[in-house]
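Trainee: I am new to this structure and would like a close look at a single part of it. Please take the surroundings of one ligand, and then set that part against the rest of the chain.

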Amino acid sequence: MGAAEAEPAAAPVEAAAEEEPLLGALDVVLLAVLLAGAIWWLMRSRRQRAEAAAAAAAAPKSYSIQPTALGAQPSDQSFVKKLRSSGRSLVVFYGSQTGTGEEFAGRLAKEGIRYRLKGMVADPEECDMEELTSLKEISNSLAVFCLATYGEGDPTDNAMEFYEWLQNGDPDLAGLNYAVFGLGNKTYEHYNEVAKYVDRRLEELGATRVYELGLGDDDANIEDDFITWKDKFWPAVCEHFGIEATGEDVSVRQYRLTENPEVAPDRVYCGEVARLHSLKNQRAPFDAKNPFLAKIIVNRELHKAGDRSCMHIEFDIEGSKMRYDSGDHLAVYPTNNEQLVNRIGELLGVDLDIIFTLTNTDEDSSKKHPFPCPCSYRTALTHYLDITSNPRTHVLKELGEYAKDPKEQEKLKSMASTSPEGKQLYNQWIIQDNRNIVHILEDLPSCKPALDHLCELLPRLQARYYSISSSPKVYANTVHVTAVLVEYETPTGRINKGVATSWLKQKQPSEPDFPLAPIYIRRSQFRLPTRHQTPIIMIGPGTGLAPFRGFIQERHIAKEEGKPVGDSILYFGCRKKSEDFIYQEELEEYVKKGVLTMHTAFSRDQPNKVYVTHLLEKNMDEIWRVIGENNGHLYVCGDAKNMARDVHNIVLKVVQEKGSMSEAEALTYVKKMEAQKRYSADVWS
Ligand SMILES: Cc1cc2nc3c(=O)[nH]c(=O)nc-3n(C[C@H](O)[C@H](O)[C@H](O)COP(=O)(O)OP(=O)(O)OC[C@H]3O[C@@H](n4cnc5c(N)ncnc54)[C@H](O)[C@@H]3O)c2cc1C
Ligand SMILES: NC(=O)c1ccc[n+]([C@@H]2O[C@H](COP(=O)([O-])OP(=O)(O)OC[C@H]3O[C@@H](n4cnc5c(N)ncnc54)[C@H](OP(=O)(O)O)[C@@H]3O)[C@@H](O)[C@H]2O)c1
Ligand SMILES: Cc1cc2nc3c(=O)[nH]c(=O)nc-3n(C[C@H](O)[C@H](O)[C@H](O)COP(=O)(O)O)c2cc1C
């Protein structure tokens, strides 16, 4: 409704009001106009809110994992009020994307009772963190932070606001007692940077560090790092506050079980991430809470020979309103292997089709259930719980309570302890021998935990991420991924199958019954330069090639359209040219057309290993020409552990030698490249 139509009605209505006819024709017109205006305004603000939410969800982040533990919006953000009203003095905040930090926070909060510090877990995103300035008003109060680092030293989504508040604000935190435990992975350049910063910054702002910063390395044994830290943390806390451990048992259940609750069958969850029936009644926008059930329309083998498998999978996203860019990630929600799920039912003698609900006994918690409830045990074990990773020590401690055989009980309790022998046993029997919960129940047959308790203890099954290997400019309605099948034998002679990749492997399309997979798109900052003329170097051995397939498709299109396109140089490596040279024909065609320059390293085709890094070292002039002389971009994708670090060192060497810089200058140069997004890494380990 335009203003020009509304305005002429105003004057006659005033006149009409003087003559006191209650509702003249013009009144009706005006009322209609006002009503229509109000409806329009309401609709517009609703649409704007929806658009803002969609934009926020799509906003690029410099890391690639989105949390799947989806808390409810709190009605009250005052954690101090909650602590006071429930007689608690310990608050454990977590910054977590994939749940480890949240789990550690929960364990610390629960253990507090042993030290007369009744604890509470809190999500900084749901709290008014400025209240840290007044936490001191609660006697013997302590704030602990379990914080993970992602990307380029970035906090997790839920800790972002808190992090920015610390960076930009200047609050007086005198009197605040705190400790920080960081979760990170040494294979990444910015190891545990968030925890290090928060620990330092809180001290700068006047807070008192009760115990030294703990750093967990996910590449080694983060559980060991955590329990080792925790073992010294608690005595330090007791000393600080002058308290003694009560020895009170902390094996209290967090959730209350209701089996066969009185609910209609259509109120029972069947694997939805959040909204009931969301997989049946699909409604955009699709995101981490509301994945799109995509058809898998292509699933073909890329390896030509050898005993490994690498899949090229195409997901149909037509009608989903999902958009993607080359360089984004596709998140897939897998389901656990049916045989493993059934095995748990068999080992514990439980009918997996029983419907149950777990309800948080802590009424102050915003997390009412550990996963969508009510559901069947089968659904929980299939869709919601991680049944294949190595269980953490607190799970073993609880399992120990159920073992009837004293030797088995002793073994479980020892592994859960912090004694050197116990830690060694945990490391050998669980980590090195790679046992999951099913293996443990098989190998310790007297241990028969209550299944609902197990469901409370196991972590949430996480979505898996794949670098999208197509360009929307060529494939607007499909998203391609390139995924290598994970399958290996463990030292106990069992075959472990990767949850997502072995599940995807089975999903072979056969028209008209296309298999389905819940997916969503995660925006990344791994982007082609905005100008096509900018030259690029792409380094992607193995599946690290994935995003570059999309990049090359895009540069090819630009060239076909007659646009000037800068050099596109690819470094690809695999084991044997005749076995795992993925997308060989496509790539060679691009080379033929002059779209691509390709350097290949076939590591196992000759007696000595040849890697992409060896080729880079030989081609230092070419690299400097691109990044130093032509302001080009350099991209690395794939293995974070060795390859990405080796590439980083070579780039530093190139800058130093070819750019005639000192080591320090070269370091600054590369840091600047990273800040300008001229050096980007999309790596995983
Ligand atoms: C940002 C990002 C992008 C990614 N892009 C891709 C991609 O493009 N293509 C791709 O294939 N993957 C990619 N991955 C990895 C992918 O997300 C999954 O981790 C991978 O597919 C394995 O998932 P899974 O569920 O099959 O295996 P899981 O069930 O998760 O099992 C994997 C775990 O098994 C263990 N493991 C694996 N191999 C062995 C072994 N030989 N010996 C002992 N233990 C072993 C390791 O602990 C490993 O973490 C990416 C990861 C991230 C974070
Ligand atoms: N977490 C998981 O479950 C999971 C799943 C899939 C992939 N990944 C990671 O993703 C990476 C890529 O996997 P992929 O199976 O596609 O690759 P891949 O086939 O194992 O490796 C690709 C090529 O890279 C070579 N290479 C090994 N070390 C290197 C180094 N430091 N620098 C340069 N090249 C090196 C390999 O050589 P050689 O093998 O002959 O030494 C091979 O020729 C893996 O390294 C792995 O870390 C992890
Ligand atoms: C894509 C990706 C990026 C990561 N980036 C970093 C990093 O820059 N620095 C670091 O120390 N750890 C990094 N990590 C490791 C995580 O911080 C570590 O696995 C941590 O345990 C995750 O905790 P969460 O489960 O609570 O999210 C990264 C992990 C992934 C999967």
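Mentor: What follows starts with the surroundings of ligand 1 and then moves outward to the other ligands, one helix and the chain as a whole. The model is predicted.

The shell around ligand 1 consists of 21 residues, and the closest of them are Tyr488, Gly498, Ala500, Thr501 and Trp684. Two or more residues of this shell come from each of strand 13 (464-467), strand 14 (478-484) and helix 16 (499-506). Strand 13 is the largest contributor, with 4 residues. Sorted by class, the shell around ligand 1 has 11 nonpolar, 9 polar and 1 charged residues. Because domain 4 (282-334 + 463-525) and domain 5 (536-684) both give residues to the shell, ligand 1 lies between them.

Ligand 2 also draws on these two domains: domain 4 and domain 5 each provide at least three residues of its shell. That shell has 25 residues, with Gly542, Thr543, Ser603, Asp639 and Asn642 as the closest. Four elements supply at least two residues each, namely strand 19 (568-574), helix 20 (612-618), strand 21 (633-639) and helix 22 (643-658). By class, the shell around ligand 2 holds 8 nonpolar, 10 polar and 7 charged residues.

Ligand 3 is surrounded by 25 residues, of which Ser96, Thr100, Gly101, Gly184 and Tyr188 come nearest. Helix 5 (100-111) and strand 4 (177-184) each give at least two residues to this shell. The shell around ligand 3 divides into 9 nonpolar, 15 polar and 1 charged.

Helix 5 and strand 4 appear again in the packing of helix 8. Helix 8 covers residues 222-241, which is 20 residues, and its first and last C-alpha atoms are 28 Å apart, close to the 28 Å expected at 1.5 Å a residue. Its buried residues are Glu223, Phe226, Ile227, Trp229, Phe233 and Val237. An α-helix has 3.6 residues a turn, so residues three or four places apart point the same way. The buried residues of helix 8 pack against helix 5 and strand 4, and also against strand 3 (142-148), strand 6 (214-217) and helix 11 (393-400). After helix 8 comes glycine 242, with a positive phi near 65 degrees.

A single residue in the range of domain 5 can be set beside these. Glutamate 586 sits in helix 19 (residues 584-592). Glutamate 586 counts as partly exposed because 14 other C-beta atoms lie within 10 Å. Its C-alpha atom is 9.9 Å from that of glutamine 553, although the two are 33 residues apart along the chain.

The chain as a whole has 685 residues, 39% of which count as buried. It contains 23 helices and 22 strands. Among contacts with a separation of 6 or more, 76% join residues 24 or more positions apart.

Confidence is the last point. The mean pLDDT of the chain is 90, and 88% of the residues reach 70 or more. Over residues 1-23 pLDDT stays under 50, and the model has 21 contacts beyond four places in sequence for them. Residues 41-74 also stay under 50, with 50 such contacts. Where pLDDT is low, the predicted coordinates should not be read in detail.

Definitions and conventions: Residues are numbered from 1 along each chain as its sequence is written. Chains are lettered from A and ligands numbered from 1 in the order in which they are written. This is a predicted model: local features need pLDDT of at least 70, side-chain atom pairs count only at pLDDT 80 or more; totals for chains, interfaces and linings use all residues. A residue is near a molecule or strand if its C-beta atom, placed from the backbone, lies within 6 Å of it. Ala, Val, Leu, Ile, Met, Phe, Trp, Tyr, Cys and Pro count as nonpolar, Asp, Glu, Lys and Arg as charged, and the others, Gly among them, as polar. Domain bounds come from an automatic or database domain assignment. pLDDT is the predictor's confidence in each residue, from 0 to 100. Two residues are in contact if their C-beta atoms, placed from the backbone, lie within 7 Å. A residue is buried if 20 or more other C-beta atoms lie within 10 Å of its own, exposed if 12 or fewer, and partly exposed in between; C-beta atoms are placed from the backbone. The expected span of a helix is 1.5 Å times one less than its number of residues.
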